[in-house]
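Student: I would like to go through this structure by asking about its core, its hairpin and its chain contact. Where should we begin?

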Amino acid sequence: MSVLLFTIIVLLGAFLAGLLGSLTGLGGGVIIIPLLTLALGVDIHYAIGASIVSVIATSSGSAAAYVKEGITNIRIGMFLEIATTVGAISGAIVAVYLNANYIAIIFGCILIFSAIMTLKKKVDHTTLDNTDKWAKFFKLNSSYPDKGVDHAYAVKNVPGGFAMMLFAGTLSGLLGIGSGALKVIAMDNIMRLPFKVSTTTSNFMMGVTAAASAIVYLHRGQIDPGIAMPVCIGVLTGASIGSKVLLRTKTDKLKIVFAVVVTFLALQMIYKGISGL
Amino acid sequence: MSALKKENINDKDIQVILGTLLRAGVIISMSIVLIGGVIFLIHNNGVITDYKVFKPELSKFSSIAAIFKGIATFHGDAIVQFGILMLIFTPIARIIFAIFSFFIERDYLYVLIGFIILAIIAISLNGGLAH
């Protein structure tokens with residue numbers, strides 16, 4: 001395949017991945033990797049390197065808007081970034097020594113899990129019980145504005161959330177994805193944050209987490225300009241358009257269709273991984 | 001009351017600067033990637049790609065020093081890689097800014113947390129770890 005044709009195909013694919021990733025909340029990274037590996041036969045190491053770059057671009061772009069609104073809890077974000085960056089670097093280093101087939105299998109499993117998570121109904125776990133001594137020490141309890149009203153919230157089980165973030169960071173570094181699904185579990189279910197705060201704060205953290213592993217990938221030669229260029233431009237464009245469409249469309253049906261497609265892709269990746277062992 | 005209000009405005013200012021910093025970083029670095037991409041495509045139009053096997057030894061720009069050397073030659077792929085490098089440093093610049101703003105707020109615990117994150121990233125910058 002010529003460079004020009006390859007670039008155009010990847011650009012279109014990445015645009016779609018970014019668009020669907022932002023509409024369904026799954027993220028562009030988890031879609032572009034199966035696309036590159038299954039459809040174009042790209043080695044998963046290159047696909048991961050390109051994907052992590054697009055994760056930095058999209059998360060920094062949307063974090064810019066959220067931070068200005070004042071919903072993001074910067075203290076929680078930075079406190080948990082200690083866990084995600086340590087995890088990300090460990091994951092990226094492990095990925096270097098791991099056989100591509102094992103990475104594909106783990107990736108497929110996480111993909112199925114993320115697809116299920118986008119379909120699950122969210123249950124509000126927020127609390128005003130501000131007795132957690134870790135939350136007090138790190139000044140994590142706060143409030144967020146919604147339609148002109150300030151809503152206070154308290155944070156629970158900080159060590160549990162921290163541990164889950166360590167795991168989310170490791171997977172992010174290992175697979176080159178934002179692992180938003182895991183981050184939201186850590187913040188919604190374990191630390192009991194309101195949805196708005198957890199999604200925006202998770203987005204805020206993604207950039208730093210991805211940057212930490214991207215540096216390891218760069219030194220390892222996994223970030224190839226020929227792939228990373230169309231991937232990050234495509235995903236970023238798709239994601240920005242997606243976030244604008246999202247404001248006026250209902251995405252429930254799209255989510256179901258998409259979860260099925262993604263599960264199919266995931267099974268194919270797992271199958272390919274197992275048969276390649 | 002007035003002291004409290006002042007502090008709030010201060011916090012809001014920091015959030016606006018932080019948001020602008022992130023947006024500017026993404027826009028500038030992606031523009032560089034785009035320009036490099038166009039130059040790269042013009043020069044490598046007919047070349048055949050092959051990414052089927054991971055060959056790290058063929059990677060030309062796998063260190064910051066190599067990227068800067070490549071920039072001087074004005075090769076498209078070097079410019080793309082430089083844009084990617086700037087993109088990677090955007091969230092890192094955000095941490096540095098956050099450290100400053102927590103310092104102004106005299107929240108030294110979070111100044112320390114910021115430095116811990118920077119130290120972790122510095123470890124990954126030390127390429128030796130990845131080889």
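Tutor: Begin with a term: a nonpolar core is a set of buried Ala, Val, Leu, Ile, Met, Phe, Trp, Tyr and Cys residues joined through C-beta atoms within 7 Å. Note also that this is a predicted model.

Student: Which helix gives the most to the largest nonpolar core?

Tutor: That core has 125 residues, and A:Val53 and A:Ile56 are among those with the most contacts inside it. The helix that gives the most, with 14 residues, spans residues 44-69 of chain A and is α3.

Student: Which residues of chain B does A:Val53 touch?

Tutor: Leave aside residues up to four places away in sequence. Within chain A, the contacts of A:Val53 include A:Ala214, A:Val231 and A:Cys232. On chain B, A:Val53 touches B:Ile84 and B:Leu87.

Student: Which element gives the largest share of the side of chain A that touches chain B?

Tutor: The contact takes 54 residues from chain A and 54 residues from chain B. Elements giving two or more residues to the chain A side are α1, α3, α4, α9 and α10. That side divides into 36 nonpolar, 12 polar and 6 charged residues. The largest share, 12 residues, comes from α3(A).

Student: Which residue in the hairpin of β1(A) and β2(A) takes a positive phi?

Tutor: Strands β1 (residues 142-146) and β2 (residues 149-153) of chain A run antiparallel and are joined by 5 bridges. One of the pairings sets A:Ser143 against A:Ala152. The hairpin has 2 residues between the strands, and the positive phi, near 50°, belongs to A:Lys147.

How values were computed
Residues are numbered from 1 along each chain as its sequence is written. Chains are lettered from A and ligands numbered from 1 in the order in which they are written. This is a predicted model: local features need pLDDT of at least 70, side-chain atom pairs count only at pLDDT 80 or more; totals for chains, interfaces and linings use all residues. A residue is buried if 20 or more other C-beta atoms lie within 10 Å of its own, exposed if 12 or fewer, and partly exposed in between; C-beta atoms are placed from the backbone. Helices (H or I, at least four residues) and strands (E, at least two) are DSSP runs, numbered from the N terminus. Two residues are in contact if their C-beta atoms, placed from the backbone, lie within 7 Å. Two strands pair if DSSP finds at least two bridges between them. Ala, Val, Leu, Ile, Met, Phe, Trp, Tyr, Cys and Pro count as nonpolar, Asp, Glu, Lys and Arg as charged, and the others, Gly among them, as polar.
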